[in-house]
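Student: I should like to learn how to read the features of a protein model. Could we work through one together?

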Amino acid sequence: MQIAEILVHTPSLPETAAIAKAIALLCGSDTGLLPVTDAAGRLTGVLTTQRLLAALQNGQPWDGPVRPLIDTDPPTLAADADPQSLAPQDLPALVVDNAGAPIGVVTLTTYAAFLHRHNSELQNRCTVAQRELGEVKLLNKELEAIIDSSYDGIWITDGNGVILNINKASERISGRPAKTYIGRNMKELVDKGLLDQSTTLLVMEKRERVTINQTIKTANGDTMVVLATGNPVFDDTGNLYRIVTNTRDISELVRLRDRLYKEQELSLRYMAELVQLRKLQSKSADLIYRGSDMQRIVELSSRVADVDSTILITGESGTGKEMIARLIHQLGRGDKKPFIAIDCGAIPDQLLESELFGYEGGAFTGAKKEGKPGMFELAHTGTLFLDEVAELPLALQAKLLRVLQSKEVLRVGGTRPIPVDARIITATNKDLARMLMEKRFREDLYYRLMVVPIHTPPLRERREDIPPLVYHFVDAFNRHHNFSKTIAPEVMDRLVAYDWPGNVRELKNVVERMMVMSGAPRVTTDDLPAFIQPKRPLPKVGSRLKEAVAETETYLLKETYKEHKSWQKVAQVLGVDYTTVYRKVAKYHLTV
Ligand SMILES: Nc1ncnc2c1ncn2[C@@H]1O[C@H](COP(=O)(O)OP(=O)(O)OP(=O)(O)O)[C@@H](O)[C@H]1O
């Protein structure tokens, strides 16, 4: 509101004017005040009705000058003054513009009118404000209801982190009533350990929305993890006014997530085991067994496949030591890496060293000019299988030990050590412990080799493996020779009952021999080699000598022929003439 609105425009009176002119002007105006100006129109003072009346009562003539009656220091108001700052005792007051020229008068009446109008406005505004206040109250109630009905916790703080309000969910989550928190600063809650960190404080620092995982200490001492998102609210001038934080109880989610992780971990472990089992199954497909002894060996092989410890496999000849070594190699270093097998017993001593460790060019007479790598070098990154390790001469045992310890080989005639990374698996069918006592095998090497000992039991101690082995070999030879032969059950009985000094290798050979030699599609006991044949009872006591001789001769001739398929050979084996054999075949009507 401006003063102009309550201003009454009044004509000015020149200071040279006569009293009568002043009376005429004052009568035409209800202001009771006349501004008086000089010749240039500048204010020189005011003439009030009271002063004029007093002068006339004192005998001033009507045509006398107004100048002596002028109040030269009248109250004046600036044109932009606030009407509310006026005091009634100062009225009427003259209003001047910026240049000091009079522009009008504010009278008591106009001021009273202004006050009246202003009061009604205020009253109106008050009514509106009251109505708005009611609405605000309702809105507040509505807001409170919304906040309280939220399942998530809601925390409201001022711009300094002082808690103004928390909702019911926050009380539920923390287990503490709102009054515990209201009025306290978030920093204090963090310092006291009620919260591990505060979104509010982070929002105050960053002045932007912040989301964190927050741990709340509940009233009963438990901890609870919540997902907290703090939102800044700025006022019109950009100051942080409020921080509203939403907290979601994610303990259950965290529990579920942890459970999921655990289950995932478990299924990964199962998966790894499955992969290992599948690998084992495919790699060990050629290794036939039914019994638990071999099962244990296969499991152990799978466990040690990935570590590099030296392995010593002991067991009688033909029990499958090399097969186990190959299995460990395949499961560990893998098919793509070299598997070098060397039978230490089959190579003459003088050649063994250069075979194993290689030689430099010109190392000895007959050596290749460019030299030759040894088995250790060839097995680099793969596996070196030293079969019949007990056959190593003592000097080479020492050299082997050095290589095992240094992981470097020195070729024969060489001076430059060559690093080798080969897994060493050794095997023997000898009693190494006894050889140690007899000083034929180095004790230090023995312990170095048998970091992981594996013993393959003889076939006679795991007879349950014989039937599957026989079927496996029958199958393999049928495929190899394009046969479709079968084995009679009695044959299987005999094979299972036999002691197999040559173990699986011997069994394999016997099966092949029977299948190749039998003319019929079914292998019968007649096809069994003599040493596996059921023991024939001696001729009965009381039988006639002639018959007993005939029976024995027939048996010997038939069996020997079965073995050698030549009567000439039979004559040789039985140590008689060919003609004798021929005569007896005719005599006993032998058909084979
Ligand atoms: N469990 C088995 N399943 C299938 N074949 C087998 C099994 N065990 C051994 N063999 C077969 O028997 C023969 C001898 O096996 P291997 O050479 O592994 O025995 P070894 O104990 O290393 O013999 P040696 O001591 O004489 O070197 C091989 O032909 C092999 O295929």
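Tutor: Let us begin with a definition: two strands are said to pair if DSSP finds at least two bridges between them. Please keep in mind that the model before us is predicted.

Student: What order do the five strands of the open sheet follow?

Tutor: First, the general idea: strands of a sheet pair through backbone hydrogen bonds, either parallel or antiparallel. In this structure, five strands make up an open sheet with parallel pairing, and their order is β13-β16-β19-β12-β20. The edge strands are β13 (339-343) and β20 (452-455), each of which pairs on one side only. On average, neighbouring strands of this sheet are turned by 20° against each other, direction ignored.

Student: How many bridges join β16 to β19, and how many join β13 to β16?

Tutor: Four bridges link β16 (residues 383-387) with β19 (residues 423-428) in the parallel sense. Within β19, T426 is the residue opposite L386. On the side of β13, the parallel pairing with β16 extends over five bridges. There, I340 stands opposite L384 in β16.

Student: Which residues of β16 point one way, and which the other?

Tutor: The general idea is that in a regular strand the side chains alternate between the two faces of the sheet. In β16, T383, F385 and D387 point one way, while L384 and L386 point the other way. Each of these residues is buried, and β16 is accordingly described as mostly covered, with five of its five residues buried.

Student: How is the pairing described in the open sheet of three strands?

Tutor: That sheet has the order β1-β2-β3, and its pairing is mixed. Its edge strands are β1 (13-14) and β3, and each pairs on one side only. β2 and β3 run antiparallel and are joined by five bridges. One bridge pair there consists of L33 and its partner T48 in β3.

Student: Where is A40 found, and is A40 buried or exposed?

Tutor: A40 belongs to the loop between β2 (33-37) and β3 (43-48). A residue counts as exposed if 12 or fewer other C-beta atoms lie within 10 Å of its own. A40 has 7 other C-beta atoms within 10 Å, and therefore it is exposed. The C-alpha atoms of A40 and P14 are separated by 9.6 Å, although the two residues are 26 apart along the chain.

Student: What sign does phi have in T381 and in N482?

Tutor: Most residues other than glycine have a negative phi. In T381, phi is near 75°, a positive value. T381 lies in the loop between α12 (375-378) and β16. With 13 other C-beta atoms within 10 Å, T381 is partly exposed. N482 also has a positive phi, near 60°. Its place is the loop between α16 (466-481) and β21 (486-487). N482 is exposed, because 7 other C-beta atoms lie within 10 Å.

Student: Which residues come nearest to the ligand?

Tutor: There are 19 residues around the ligand, and S317, G320, K321, E322 and V504 come nearest. The shell divides into seven nonpolar, six polar and six charged residues. Two helices, α10 (321-331) and α18 (503-517), each supply at least two residues of this shell.

Student: Why is the ligand said to lie between domain 3 and domain 4?

Tutor: The reasoning rests on the origin of the shell residues. Domain 3 (284-457) and domain 4 (460-527) both give residues to the shell, so the ligand lies between them.

Student: How many residues of α10 are buried?

Tutor: Nine of the eleven residues of α10 are buried, and the helix is thus mostly covered. Among them are K321, I324, A325, R326 and L327. K321 thus appears in two of our readings, as a buried residue of α10 and as one of the residues nearest to the ligand.

Student: Finally, how many helices and strands does the protein have, and what share of its residues is buried?

Tutor: The protein has 21 helices and 22 strands. Of its 592 residues, 27% count as buried. As for contacts between residues at least 6 apart in sequence, 60% join residues at least 24 apart.

Conventions: Residues are numbered from 1 along each chain as its sequence is written. This is a predicted model: local features need pLDDT of at least 70, side-chain atom pairs count only at pLDDT 80 or more; totals for chains, interfaces and linings use all residues. A residue is buried if 20 or more other C-beta atoms lie within 10 Å of its own, exposed if 12 or fewer, and partly exposed in between; C-beta atoms are placed from the backbone. Two residues are in contact if their C-beta atoms, placed from the backbone, lie within 7 Å. A residue is near a molecule or strand if its C-beta atom, placed from the backbone, lies within 6 Å of it. Ala, Val, Leu, Ile, Met, Phe, Trp, Tyr, Cys and Pro count as nonpolar, Asp, Glu, Lys and Arg as charged, and the others, Gly among them, as polar. Domain bounds come from an automatic or database domain assignment. Axes are lines fitted to C-alpha atoms, for helices over the stretch in contact, and angles run from 0 to 180 degrees between N-to-C directions.
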